[in-house]
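Hi,

Here is the structure I promised to hand over. Have a look at it first, and my notes on what turned up follow below.

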Amino acid sequence: MPSVHGHAGDKVLSASYCAATLNRQIKEGNFSVNEWVQNCLQLSGYFLDGNAFALSQYCCVPELSGLAWGDAALADSPDAALALFKAALPWFKQALQYYQLEGWVTEHCNILFEMSNLYRCLAGFEADAHKRCVMHRSRAKLLQPLEGQLSQQHYPGLSRSISLELGNIFREIGDIKAAAGREPDKVAAAGSAASLHYQLFLDSFKGDDGQLPAKVEPEMEQHYLSAAFCMARVLQAGAAQHKEPREYIAAVEQAVFWLDTLVGYVKQNSVAAWEQEAAMAAEMASLLKEKLALTQRQMAMQQRLRAAA
């Protein structure tokens with residue numbers, strides 16, 4: 001029926017029948033996922049061309065949110081994931097042409113986040129380490145131009161989200177390279193980039209006195225603690241690449257700082273959901289402090305030997 005009205009030139013009625021058909025298919029569960037998603041995105045594009053933005057968004061968001069990526073079987077193979085990626089990406093690019101950064105800041109950023117998520121989901125199906133890194137770097141290229149460009153006063157949430165997303169992207173790249181046995185300096189470079197973005201995210205919580213808060217907004221607590229833990233991780237991993245003892249000590253001291261910050265926050269604010277992670281962080285901090293003490297003793301001994309020579 002939709003195609004009949006489409007050929008007859010009644011695009012509005014055709015779109016209505018198409019929407020009804022898609023709705024019936026999703027309820028009955030008897031449909032081809034790839035074909036259904038492609039039809040849904042095409043319908044969204046029709047509404048977008050007609051400036052029916054709410055209807056366009058409805059086609060993309062509520063229905064697709066009911067079908068999860070990855071192991072929930074929206075895409076159950078690399079080929080299926082790639083097909084969905086190719087179907088969705090052009091529509092996001094088309095949306096960006098309308099929702100320019102100037103005038104549509106929130107919408108523009110949200111579209112870029114969705115495009116980043118497309119690459120992230122596709123990377124989950126990729127077995128080759130190099131190709132996975134390329135996909136994650138594509139995510140970074142989408143978001144890096146935005147970092148530092150938005151007003152912290154008017155868009156604090158978006159600014160934080162961009163820095164946190166970039167931190168996570170480069171941490172994932174570092175993890176992939178480390179697992180693949182890549183050169184230590186390349187792993188360290190990814191970790192260094194991650195720490196810079198995590199630092200920007202965490203610094204955004206500081207008050208006028210330059211100090212971190214005793215308590216953050218409830219909706220940001222999970223992200224704040226996660227960033228502190230990830231920051232400590234990348235600093236600890238990168239410390240081993242420093243050949244100069246003082247640089248090693250500085251990196252480990254920073255890792256310990258963020259571990260102690262996490263532990264203190266969880267204890268002070270009774271964050272039950274993070275008690276296990278806090279216990280792990282406390283153990284990691286204790287081990288790092290022992291390594292610091294050992295390194296400092298070795299440095300002191302070397303200085304005495306040089307002085308006696």
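A quick word on "buried" before anything else: I use it for a residue with under 20% relative accessible area. By that cut-off, Phe205 and Tyr224 are both buried. Keep in mind that this is a predicted model, so every value here is computed from predicted coordinates.

**The overall fold**

The chain has 13 helices and zero strands, so by the DSSP runs used here the pattern along the sequence is α from start to finish: α-α-α-α-α-α-α-α-α-α-α-α-α. Of the 309 residues in the chain, 38% are buried. Among contacts with a separation of 6 or more, 61% are between residues 24 or more positions apart.

**The aromatic rings**

How many aromatic pairs are there? The count comes to eight. One of them is Phe201 with Phe205, an edge-to-face pair at 5.2 Å centre to centre and 75° between the planes. Both Phe201 and Phe205 are buried. Phe205 also pairs with Tyr224, again edge-to-face, with 5.0 Å centre to centre and 70° between the planes. That second pair links distant parts of the chain: Phe205 sits in the loop between α10 and α11, while Tyr224 is in helix α11, 19 residues apart. Put Tyr265 with these three and you have one aromatic cluster of Phe201, Phe205, Tyr224 and Tyr265.

**Arg160**

This one touches the cluster, and it is worth opening in your viewer. Arg160 lies in helix α9. Is Arg160 buried or exposed? Its relative accessible area is 11%, which is under 20%, so Arg160 counts as buried. Leaving out residues up to four places away in sequence, Arg160 touches Phe201, Ser204, Phe205, Glu217 and Met220; Phe201 and Phe205 are the two that also belong to the aromatic cluster. With Ser204 there is a side-chain to side-chain polar contact of 3.0 Å. The C-alpha atoms of Arg160 and Leu202 are separated by 8.4 Å, although these residues are 42 apart along the chain.

**The second largest pocket**

If you want a site to put a grid on, here are the numbers for this one. The second largest pocket holds about 440 Å³ of space. Of the 27 residues lining the pocket, Gly191, Ser192, Val234, Leu235 and Gly238 are the closest to its centre. Which helix gives the most to the lining? That is α10, with nine residues. Helices α9 (156-179), α10 (184-203), α11 (218-239) and α12 (245-269) each supply at least two residues of the lining. Sorted by class, the lining has 14 nonpolar, nine polar and four charged residues.

**His108**

Last item, from another helix. His108 lies in helix α7, which covers residues 105-123. With a relative accessible area of 13%, His108 is under the 20% cut-off and therefore buried. Its side chain reaches the backbone nitrogen of Leu101 at 3.4 Å. Leu101 also appears among the contacts of His108, which are Leu96, Tyr99, Gln100, Leu101 and Leu146 when residues up to four places away in sequence are not counted.

That is the lot from me.

Cheers

Methods:
Residues numbered from 1 in each chain as written. Predicted model: local features only at pLDDT ≥ 70, side-chain atom pairs only at ≥ 80, totals over all residues. Heavy atoms only, no water. Helix = DSSP H or I, 4+ residues; strand = E, 2+ residues; numbered from the N terminus. Buried < 20%, exposed > 50% of the residue type's maximum accessible area, 1.4 Å probe, protein only. Polar contact = N/O pair within 3.5 Å; in protein donor to acceptor, adjacent residues only side chain to side chain. Contact = heavy atoms within 4.5 Å. 1 Å grid on protein atoms, 1.4 Å probe; cavity = no way out; pocket = protein on both sides within 12 Å on 5 of 7 lines; lining within 4 Å. Points joined across faces, edges and corners; volume = space filled by probe spheres on them. Nonpolar A, V, L, I, M, F, W, Y, C, P; charged D, E, K, R; others polar. Phe/Tyr/Trp six-rings, centres within 6.5 Å; stacked < 30°, edge-to-face > 60°.
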